[in-house]
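User: I would like to go through this model by question and answer, with each answer reasoned out before the value or name is given.

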Amino acid sequence: MENKQHEKMIIIGSGPAGYTAAIYAARAGLKPLQIAGYEPGGQLMITTDVENFPGFESTIQGPWLMEQMRKQAENVGTKVMNDLVSKVDFSKRPFTVETDGGKSYTADTVIISTGAKAKWLDIPSEKKFQGFGVSACATCDGFFFRNQKVMIVGGGNSAVEEALYMTNHASHVTLVHRRDQLRAEKMLTERLLSHENISVIWDHVVDEIIGDENPKKVTGVKLKNVKTNEMQTVAVDGVFVAIGHTPQTDLFKGILEMDETGYLIVKPGSTETAIPGVYAAGDVQDKVYRQAVTAAGQGCMAALDAEKYLQTL
Ligand code: NAP
């Protein structure tokens with residue numbers, strides 16, 4: 001325990017926020033240590049085509065983009081480790097970070113970019129067609145369903161926003177909700193219910209997503225009425241699961257301020273948490289925008305905020 005390796009900066013997580021923070025911090029000469037997790041790359045690793053990350057004239061692949069970000073971070077001087085942080089202590093300085101792999105570090109600053117995970121329905125057919133017609137992000141993948149029929153699952157703001165967004169692309173949008181009342185805000189709900197290209201199926205849950213094997217694609221969804229148990233099949237080409245996200249903040253419970261849904265709280269317009277020297281960037285603190293490019297922007301902000309703080313030590 002006495003021989004902890006000391007770092008100026010430790011970055012936890014390896015999505016666009018973490019890698020961007022790493023690139024900026026490394027270029028500022030801070031030699032950051034990035035603890036990337038066991039499945040590095042974040043949510044873009046389960047996306048296929050990416051067309052909305054600026055800088056690429058043609059479609060790129062999510063996993064490829066993350067590989068490039070990692071190489072870029074490493075090339076400018078980041079030490080990236082595939083290990084998982086198991087414990088942090090921000091109560092005294094320097095901070096302490098321990099990993100699953102048995103390593104223990106001290107650090108002057110920590111950037112948290114552990115992201116959020118989309119909630120899934122957890123049925124086998126959903127997993128089978130992920131990336132082949134099943135997605136958890138309409139803004140990312142909606143464009144691929146031009147003039148096709150899609151289904152949105154969920155009843156919150158995200159589901160309603162995704163349904164409205166999909167009317168820009170799809171020929172028809174069906175929203176399926178497990179109750180007979182939406183959780184979404186009134187104004188969004190009214191827009192949804194009055195939209196001529198959206199139909200809503202109440203009191204139904206997804207029983208199975210059905211599709212073809214070769215080429216692999218979704219052709220429809222089997223729905224179950226939760227009140228009568230009656231089944232019906234709706235023909236669609238795509239399914240967007242929008243039943244919420246879970247920020248990955250278990251590690252920081254009781255240590256950092258969170259809102260009631262577990263998102264880390266930062267000072268408005270910055271990435272500062274309530275503990276000077278600890279910063280949060282990307283989906284772990286942002287439940288509104290949740291885009292790779294906004295997460296990357298916040299990663300940059302976190303590195304700049306941390307750099308400024310280090311100058312005061
Ligand atoms: P949410 O508000 O938690 O809504 C999740 C929805 O999915 C609920 O309608 C829920 O049904 C349904 N659901 C959950 N698990 C399900 C399952 N296993 N099967 C079927 N349906 C399921 O999540 P969200 O819409 O992602 O929003 C998260 C937070 O971000 C909210 O605070 C929201 O206001 C905020 N947000 C804000 C904006 C905005 O301000 N523009 C946009 C997006 C999100 P029940 O209703 O029956 O529980």
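User: What distance does helix α2 reach from its first C-alpha to its last?
Analyst: The model is a predicted one, and in it helix α2 covers residues 62–75, which makes 14 residues. At 1.5 Å a residue the expected reach is 20 Å, and the computed reach is close to that expectation. From first C-alpha to last, α2 therefore spans 20 Å.

User: Which residues of α2 are buried, and what arc do they cover around the axis?
Analyst: The buried residues of this helix are G62, L65, M66, M69, R70 and A73. They lie on the same side of α2, because the arc they cover around the axis is only 135°.

User: How many of the 12 residues of helix α1 are buried?
Analyst: Helix α1 runs over residues 16–27 and reaches 16 Å from its first C-alpha to its last, close to the 16 Å expected at 1.5 Å a residue. Its buried residues are P16, A17, G18, Y19, T20, A21, A22, I23, A25 and A26. The helix is largely enclosed by the rest of the structure, because the buried share of its 12 residues is 10.

User: Which residues closest to the ligand have a side-chain N or O atom 2.6 Å from a ligand oxygen?
Analyst: The ligand is surrounded by 15 residues, and the closest of them are S158, E161, R178, R179 and R183. For R178, the distance from a side-chain N or O atom to an oxygen atom of the ligand is 2.9 Å. A value of 2.6 Å is found for the side chain of S158, and the value of 2.6 Å also applies to the side chain of R183.

User: What percentage of the area that the ligand exposes when taken alone does the protein bury?
Analyst: The polar contacts to the ligand include one from the side chain of S158, at 2.6 Å from a ligand oxygen. Taken alone, the ligand exposes 910 Å², and the part of this area that the protein buries is 75%.

User: How many charged residues does the shell around the ligand have?
Analyst: Sorted by class, the shell holds two nonpolar residues and seven polar ones. The charged residues of the shell number six.

User: Where are the cis peptide bonds before P94 and P215, and what is omega near in each?
Analyst: P94 sits in the loop between β6 (85–89) and β7 (95–99), while P215 sits in the loop between β14 (204–213) and β15 (216–225). The bond from R93 to P94 is cis with omega near -5°, and the bond from N214 to P215 is cis with omega near 0°.

User: Is N147, which has a positive phi, buried or exposed?
Analyst: N147 belongs to the loop between α4 (138–141) and β11 (149–153), and its phi is near 60°, a positive value in a residue other than glycine. With a relative accessible area of 64%, which is over the 50% cut-off, N147 is therefore exposed.

User: What is the phi of N229, and in which loop is this residue found?
Analyst: N229 is not a glycine, and yet its phi is positive, at about 65°. As for its place in the chain, N229 is in the loop between β15 and β16 (231–235).

User: What distance separates the C-alpha atoms of A274 and L164?
Analyst: A274 is part of the loop between β18 (245–247) and β19 (278–280), and its relative accessibility of 53% makes it count as exposed. Along the chain A274 and L164 are 110 residues apart, and the separation of their C-alpha atoms is 36 Å.

Conventions
Residues numbered from 1 in each chain as written. Predicted model: local features only at pLDDT ≥ 70, side-chain atom pairs only at ≥ 80, totals over all residues. Heavy atoms only, no water. Helix = DSSP H or I, 4+ residues; strand = E, 2+ residues; numbered from the N terminus. Buried < 20%, exposed > 50% of the residue type's maximum accessible area, 1.4 Å probe, protein only. Near = heavy atom within 4 Å. Polar contact = N/O pair within 3.5 Å; in protein donor to acceptor, adjacent residues only side chain to side chain. Areas by Shrake-Rupley, 256 points an atom, 1.4 Å probe, with all protein chains shown as cover. Nonpolar A, V, L, I, M, F, W, Y, C, P; charged D, E, K, R; others polar. Arc of directions from axis to C-beta.
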